[in-house]
Amino acid sequence: MREAHTMRYPIAAATALSLLMAAPVLAGGADEIRPADEYRMELNYISMQEAELLVGKKDVYFFDVNTLELWAQGFIPGAVHFFTENWKELLPKDKNAQMIFYCANRLCNASEIAAYSVMQMGYTNVRQMPDGIFGWRMSGRPTEKP
């Protein structure tokens, strides 16, 4: 009697395992797997060294996509606070203008989302600085405060 009782668990475990292994095949319905549309565009990254050379240049726009609290602690000189509801009003009229987006650091993706959003609107010269304001500050580069 004891042997029959212990045999049920391996059979139940094997059945559950086979169902779990089949689950990915069933997931997703009838459509084929494909990337989200916004990620079909390739994001153009910029290093802090490259970005520093563009600070203060005519027709180069820096957009800080951080919270207002982080913005108040300091931002790249000339940068515009972009984490607002009216962000579309902040964009340059020229869709070929050079635009650089950044947020806090490499763990923050708000600037990537903002960059993809403006790219979808037809802006062609969009870049994203992964190191963000924390990398900028830690490297000793200058900042401004509102």
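# A tour outward from strand β2

Begin by selecting β2, which is mostly covered, with 4 of its 5 residues buried; buried means under 20% relative accessible area, exposed over 50% and partly exposed in between, for a 1.4 Å probe and protein chains only. Strands (E, at least two residues) and helices (H or I, at least four) are DSSP runs, numbered from the N terminus. The model is predicted: local features need pLDDT of at least 70, side-chain atom pairs count only at pLDDT 80 or more, and totals for chains, interfaces and linings use all residues. Residues are numbered from 1 along each chain as its sequence is written, and side-chain values use heavy atoms, with hydrogens and water left out.

**The sheet**

Next, display the strands together. An open sheet is formed by 5 strands in the order β1-β5-β4-β2-β3, with parallel pairing; two strands pair if DSSP finds at least two bridges between them. β1 (44-45) and β3 (80-81) each have a single partner strand and stand at the edges, so one side of each is left without a neighbour in the sheet.

Return to β2, residues 60-64, and look towards each partner in turn. On one side, 2 bridges join β2 to β3, the two strands running parallel. Phe-63 has Val-80 as its bridge partner in β3, and Asp-64 stands opposite His-81. With β4, β2 pairs in the parallel sense over 5 bridges. In that strand, Tyr-102 is the residue opposite Asp-64.

**His-81 in the edge strand**

Select His-81, found in β3. With 12% relative accessibility, His-81 counts as buried. Its side chain reaches the backbone oxygen of Asn-66 at 2.8 Å; a polar contact is a pair of N or O atoms within 3.5 Å, where within protein one must be able to donate a hydrogen and the other to accept it, and residues adjacent in sequence count only if both atoms are side-chain atoms. Beyond its neighbours within four places in sequence, His-81 is in contact with Asp-64, Asn-66, Thr-67, Leu-68, Trp-71 and Leu-90, contact meaning heavy atoms within 4.5 Å.

**Arg-127 in β5**

Move to Arg-127, placed in strand β5. Arg-127 counts as buried at 12% relative accessibility. Which backbone oxygen does the side chain of Arg-127 reach? The oxygen belongs to Tyr-45, at 3.1 Å. The side chains of Arg-127 and Glu-50 are joined by a polar contact of 3.4 Å. Not counting residues up to four places away in sequence, Arg-127 touches several others, including Asn-44, Ile-46, Gln-98 and Phe-101.

**Helix α4 across the sheet**

Add helix α4, residues 110-120, which lies across β1, β4 (98-102) and β5 (126-128) and runs at about 150° to β4. Axes here are lines fitted to C-alpha atoms, for helices over the stretch in contact, with angles from 0 to 180 degrees between N-to-C directions. The buried residues of α4 are Ser-111, Ala-114, Ala-115, Tyr-116, Val-118 and Met-119. They pack against β4 and β5. After α4 comes Gly-122, with a positive phi near 105°.

**The nonpolar cores**

The largest nonpolar core has 17 residues, and those with the most contacts inside it are Phe-62, Ile-76, Ala-79, Ile-100, Tyr-102, Met-129 and Trp-136. Such a core is a set of buried Ala, Val, Leu, Ile, Met, Phe, Trp, Tyr and Cys residues joined through side-chain atoms within 4.5 Å. At least two of its residues come from each of α2 (48-54), β2, α3 (68-72), β4 and α5 (132-138). The greatest contribution is that of α2, with 3 residues. Apart from this core lies another, of 15 residues, among them Leu-43, Ala-115, Val-118 and Tyr-123.

Now centre on Trp-136. Leaving aside neighbours within four places in sequence, its contacts include Met-48, Ala-51, Ile-76, Met-129 and Pro-142.

**The disulfide**

Select Cys-103 and Cys-108, which form a disulfide with sulfur atoms 2.5 Å apart; the criterion is a pair of cysteine sulfur atoms within 2.5 Å. A search of the whole structure finds 1 disulfide. The link of Cys-103 and Cys-108 is left-handed, with -130° about the S-S bond. Cys-103 counts as buried, at 1% relative accessibility.

**Last stop: Asp-59**

Finish in the loop between α2 and β2, where Asp-59 lies. Is Asp-59 buried or partly exposed? Asp-59 is partly exposed, its relative accessible area being 46%. Its phi is near 65°, a positive value in a residue other than glycine. Most residues other than glycine have a negative phi.
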